[in-house]
Amino acid sequence: SSGINAEYGGQGCSVFLFAALDAVKDVTTYKILGLVSRYFCGTFSGVLNVTAFAAYVAIYPKHVATVTAIGEAVLNGAVAFGPFLGSLLYSASGFVAASVVPGSFIFLSTLAAFFLPNLNSKKRRDVGVRLKWRRLADPWVIFPLWHLTSAQILMTYHMPLLEPYVQKEFDASVVWAGTALLVNTGVLCLSSPILGLIVDKFGPIRMMVASCVTLPLVYAFIGPNPLLTFVTPSKVQVILSLAFLGLAVPMACISTLPVMFQVYSARNSSTLPILVINTLVSLYCASFPVGIFIGTAASGFIEPYASFGWSTGTLGMIYLAQSIGCGLYCWRVWRTVKKSENQQMEDDTVVDNPAATNIIQNF
């Protein structure tokens, strides 16, 4: 809890520093200090996310998908609500209030962190366990990270393009475009905990396969793809497509971490040391901003050269090729996990049967 308190404190200080910029008059100084404060705010936010998700996994090791899904739902809900709260505070009392009020809430969160379980004992930290990077760099272990990153690319690519598209195509207002994106985020937040429960009950491989099928299919209807001549662009079509996208994206995200844990354990015939878990969690958390960055950057580069329908439709077709590869990966992982489980059952049978143990020893 001491580490989480430090991260809350660092993030709160960064937000307060951002509020102090209101007193800076020089434009160059304002830009430099603004970038510095934003950098530290983003850094502490990222560290806090990694620590929080690592704590979820440590506290609830048998419900990894459910607790990470709830964490993602809360995080996405906060991201959606944050701009709305910021606009209200800015309208009421200006720039300082929009920074000081969130910063105060962040500092108050340090009090709750004192009640977290102690996760820093020697037993939990696996003191003496050496991290073998070759095992972590195994492509079979880290491939789900690319699947997660590409899902975030699909989630964010259309966002900068949606507002000008609906204004031009349907004469819709900025408020309507914001509402459509809010529907997208709302479905994502509401569906994530349910999908997490399903993953913990039936396994992550099936959910990852489902994401391979639904993501390219749904994204073909976002534009819609001009090749789909039977689909007529409309406001209802946009809203429904974004809603289904909010359901399909968490399928890829929630299944990622459990699949990585399963593959690592199966391919190394061992349990997961806490050091390995924390490293995989940090890579998992880092994949989100990487995908968001690629998606928004790609939309800015492509927008002048292609229409909304063709750009989103083409991206969906490219993702279809990735989904086929991911489907083959899931099939191979399923075979590997089953083989590992069967081997474990055979080992348990030998241990439980002294006669068999004697035969093996005599042999």
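Does Ser287 count as buried or exposed, and at what relative accessibility? At 6% relative accessibility, Ser287 counts as buried in this predicted model. The legends below begin with an overview and then turn to individual sites.

**Figure 1. Overview of the predicted model, an all-helical arrangement with 14 helices and zero strands.** Of the 363 residues of the protein, 40% count as buried. The exposed surface comes to about 19,900 Å², with carbon and sulfur atoms supplying 69% of it. Among contacts between residues at least 6 apart in sequence, 82% join residues at least 24 apart.

**Figure 2. Surroundings of Ser287 in helix H12 (residues 274-302).** The side chain of Ser287 reaches the backbone oxygen of Leu283 at 2.9 Å. Once neighbours within four places in sequence are set aside, Ser287 is in contact with Leu145, Leu148 and Thr149. Ser287 counts as buried, with a relative accessibility of 6%.

**Figure 3. Aromatic pairs, of which the protein has seven.** Trp140 and Tyr329 form a stacked pair, with 5.6 Å from centre to centre and 15 degrees between the planes. Trp140 belongs to helix H7 (residues 139-157) and Tyr329 to helix H13 (residues 308-352), so this pair ties together parts that are 189 residues apart in sequence. Trp140 is partly exposed, at a relative accessible area of 27%, whereas Tyr329 counts as buried at 6% relative accessibility. Tyr165 and Phe170 form an edge-to-face pair, with 5.7 Å from centre to centre and 85 degrees between the planes. Both Tyr165 and Phe170 are buried.

**Figure 4. An aromatic cluster and a charge placed over a ring.** Phe53, Tyr56, Tyr284 and Phe288 form one aromatic cluster. At another site, the charged end of Lys201 sits over the ring of Phe202, 5.7 Å from the ring centre.

**Figure 5. The largest nonpolar core, with 61 residues.** The residues that touch the most other members are Leu162, Val166, Leu215, Leu245, Phe261, Val281 and Tyr284. At least two residues of this core come from each of helix H2 (27-59), H7, helix H8 (159-170), helix H9 (174-202), helix H10 (204-219), helix H11 (235-268), H12 and H13. With 14 residues, H11 gives the most to this core. A second, separate core holds seven residues, including Ala65, Leu195, Val199 and Met207.

**Figure 6. Tyr219 in helix H10 and its contact partner His158.** Tyr219 is buried, with a relative accessible area of 0%. Apart from neighbours within four places in sequence, Tyr219 is in contact with Leu154, Tyr157, His158, Leu245, Thr312, Leu315 and Gly316. The C-alpha atoms of Tyr219 and Leu320 are separated by 9.8 Å, although these residues are 101 residues apart along the chain. His158 lies in the loop between H7 and H8 and is also buried, with a relative accessible area of 0%. Not counting residues up to four places away in sequence, His158 touches Leu181, Tyr219, Ile222, Leu242, Leu245, Phe308 and Thr312. Leu245 therefore appears among the contacts of Tyr219 and among those of His158, and Leu245 is also one of the core residues that touch the most other members.

**Figure 7. Backbone geometry in two loops.** Most residues other than glycine have a negative phi, and most peptide bonds are trans. Asp171 has a positive phi of about 55 degrees although it is not a glycine. Asp171 is found in the loop between H8 and H9, and at 69% relative accessibility this residue counts as exposed. Val166, when its neighbours within four places in sequence are left aside, is in contact with Asp171, Ala172, Trp176 and Ala177. The second site is the cis peptide bond that joins Gly223 and Pro224, with omega of about -5 degrees. Pro224 is found in the loop between H10 and H11.

Conventions
Residues numbered from 1 in each chain as written. Predicted model: local features only at pLDDT ≥ 70, side-chain atom pairs only at ≥ 80, totals over all residues. Heavy atoms only, no water. Helix = DSSP H or I, 4+ residues; strand = E, 2+ residues; numbered from the N terminus. Buried < 20%, exposed > 50% of the residue type's maximum accessible area, 1.4 Å probe, protein only. Contact = heavy atoms within 4.5 Å. Areas by Shrake-Rupley, 256 points an atom, 1.4 Å probe, with all protein chains shown as cover. Phe/Tyr/Trp six-rings, centres within 6.5 Å; stacked < 30°, edge-to-face > 60°. Lys NZ or Arg CZ within 6 Å of the ring centre and 35° of its normal. Polar contact = N/O pair within 3.5 Å; in protein donor to acceptor, adjacent residues only side chain to side chain. Core = buried A, V, L, I, M, F, W, Y, C linked by side-chain atoms within 4.5 Å.
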